[in-house]
Amino acid sequence: MRIAMIRILAGVLAAVVVAACGARNPPQITVVNNSTSAVTDIILRGNGFSQIIEKIEPNSSKTVTVVPKGESSVSMEAVTPLKYVTAKDVGYIDRDGGYKVQITITKDGNIETSVHLNLAP
């Protein structure tokens, strides 16, 4: 009985340690199109990844999951009806996960970004 209790406590302790040490989700990048026209040929790049989003309709968004090789900045290129958009170092992510980057293309074709770290597994 005592051995069974010790095994249960050891299992609970191991689960708590694994959860606390960062078994987090991979980084996610969301591109939001707040313009009045479709945005096409969106390329997201970083250390060890390149992700293509073919098209995002007006007032819509798309989210992709990436797996960088360690620490990475995020860069984006896209085609809008107003101009070709290039944005370097719009956010920071790490392969350990938990990062959520939002890149917003505004009505005038400018870029706004935000980065959040979600510590919950």
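Start by selecting serine 73 and tyrosine 92: tyrosine 92, in β6, is the bridge partner of serine 73. Keep in mind as you click around that this is a predicted model.

Now widen the selection to both strands. β5 covers residues 71-79 and β6 covers residues 84-94, and the two run antiparallel, paired over 8 bridges. Follow the chain from β5 into β6 and you'll go round a hairpin of 4 residues. While you have the strands up, show the side chains: in a regular strand they alternate between the two faces of the sheet.

Go back to tyrosine 92 and add tyrosine 99. The structure has 1 aromatic pair. Tyrosine 92 and tyrosine 99 make an edge-to-face pair, with 5.5 Å from centre to centre and 80° between the planes. Switch on a surface and compare the two rings' residues. Tyrosine 92 counts as partly exposed because its relative accessibility is 35%. Tyrosine 99 has a relative accessible area of 15%, so it is buried.

Next stop: asparagine 33, which sits in strand β1, residues 28-33. Is asparagine 33 buried or exposed? Its relative accessibility is 0%, so asparagine 33 counts as buried.

Zoom in on what its side chain is doing. There's a polar contact of 2.5 Å between the side chains of asparagine 33 and serine 35. The asparagine 33 side chain also reaches the backbone oxygen of serine 37, at 2.9 Å.

To finish, show the neighbours from further along the sequence. Leaving out residues up to four places away, asparagine 33 touches Ala38, Val39 and Ile105, plus Ile56, Glu57, Pro58, Asn59 and Ser60.

Key
Residues are numbered from 1 along each chain as its sequence is written. This is a predicted model: local features need pLDDT of at least 70, side-chain atom pairs count only at pLDDT 80 or more; totals for chains, interfaces and linings use all residues. Side-chain values use heavy atoms; hydrogens and water are left out. Two strands pair if DSSP finds at least two bridges between them. Buried means under 20% relative accessible area, exposed over 50%, partly exposed in between (1.4 Å probe, protein chains only). A polar contact is a pair of N or O atoms within 3.5 Å; within protein, one must be able to donate a hydrogen and the other to accept it, and residues adjacent in sequence count only if both atoms are side-chain atoms. Contact means heavy atoms within 4.5 Å. Rings of Phe, Tyr and Trp (its six-membered ring) pair if their centres lie within 6.5 Å; planes under 30 degrees apart count as stacked, over 60 as edge-to-face and the rest as tilted.
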